[in-house]
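Please open the model in your viewer and keep a selection panel at hand. The tour below goes from stop to stop, saying what to select and what is there.

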Amino acid sequence: MQYFVVMIDYGGREAIVDPELTRREVVSRIASGEYTNVSFIHEIAGCSVEDVTDDILSEAALPEIPLTGAELQAKTLDHIRDRRKHEPV
């Protein structure tokens with residue numbers, strides 16, 4: 001039998017243990033933000049335990065996609081608009 005233990009810290013710790021949860025589902029839940037503040041992830045297989053925290057967090061990390069010219073311009077204009085909104089009158 002193989003399963004994952006995902007320990008999450010919400011100010012107190014909660015372990016999520018579901019024998020039907022696959023590695024792919026754990027990665028997906030971390031990438032989607034469903035699992036946040038992960039303390040550790042252990043993979044239990046038979047009688048052995050392996051800490052797979054770094055591997056799974058690396059898999060779940062979204063790649064950095066550089067902004068295009070139009071996106072940079074829109075971001076700049078949004079920033080200027082926000083600054084005007086919050087300026088004292």
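A residue is called buried under 20% relative accessible area, exposed over 50%, and partly exposed in between, with a 1.4 Å probe and protein chains only. This is a predicted model, in which local features need pLDDT of at least 70 and side-chain atom pairs count only at pLDDT 80 or more, while totals for chains, interfaces and linings use all residues. Residues are numbered from 1 along each chain as its sequence is written, and side-chain values use heavy atoms, with hydrogens and water left out.

Select N37 to begin, in the loop between α1 and β3; helices (H or I, at least four residues) and strands (E, at least two) are DSSP runs, numbered from the N terminus. N37 has a relative accessible area of 53% and is therefore exposed. Its phi is near 55 degrees, which is a positive value in a residue other than glycine.

Next, select E59 and R23 together. Their side chains meet in a salt bridge with an N to O distance of 2.7 Å, the term being used for a side-chain nitrogen of Lys or Arg within 4 Å of a carboxyl oxygen of Asp or Glu. Because E59 lies in helix α2 and R23 in helix α1 (residues 23-32), the pair ties together parts that are 36 residues apart in sequence. Both partners are partly exposed, E59 with a relative accessible area of 44% and R23 with 26%. A search of the whole structure finds one salt bridge.

Keep R23 in view and add E43, which is placed in strand β3 (residues 38-45). What is the nearest side chain of opposite charge to buried E43, and how far away is it? It is R23, at 4.1 Å, and E43 has no salt bridge; Lys and Arg count as positive and Asp and Glu as negative, whereas His and the chain ends are not counted. The side chain of E43 does make a polar contact of 2.2 Å with that of Q2, where a polar contact is a pair of N or O atoms within 3.5 Å, one of which, within protein, must be able to donate a hydrogen and the other to accept it, and where residues adjacent in sequence count only if both atoms are side-chain atoms.

From Q2, move to L21, in the loop between β2 (13-17) and α1. L21 and Q2 are 19 residues apart in sequence and 9.4 Å apart in space, C-alpha to C-alpha. With 4% relative accessibility, L21 counts as buried.

Now select T53, a residue of helix α2 that counts as buried at 8% relative accessibility. A polar atom of its side chain lies 2.7 Å from the backbone nitrogen of I41, and a polar contact of 2.5 Å joins the side chains of T53 and D51.

D51 leads on to the surface, where E50, D51, D54 and D55 gather in a patch of negative charge. Such a patch is made of residues with over 30% relative accessible area and no salt bridge, like charges being joined within 9 Å. Strand β4 (48-51) and helix α2 (53-60) each supply at least two of its residues. One of the members, D55, lies in helix α2 and is partly exposed, with a relative accessible area of 43%.

Finish on V49, in strand β4, which is exposed with a relative accessible area of 56%. Measuring C-alpha to C-alpha in the viewer, take V49 and R83, which are 34 residues apart in sequence and 52 Å apart in space.

Conventions:
Patch = residues over 30% accessible without salt bridge, like charges linked within 9 Å, V, L, I, M, F, W, Y side chains within 5 Å. Areas by Shrake-Rupley, 256 points an atom, 1.4 Å probe, with all protein chains shown as cover. Charge placed at Lys NZ, Arg CZ, Asp CG, Glu CD.
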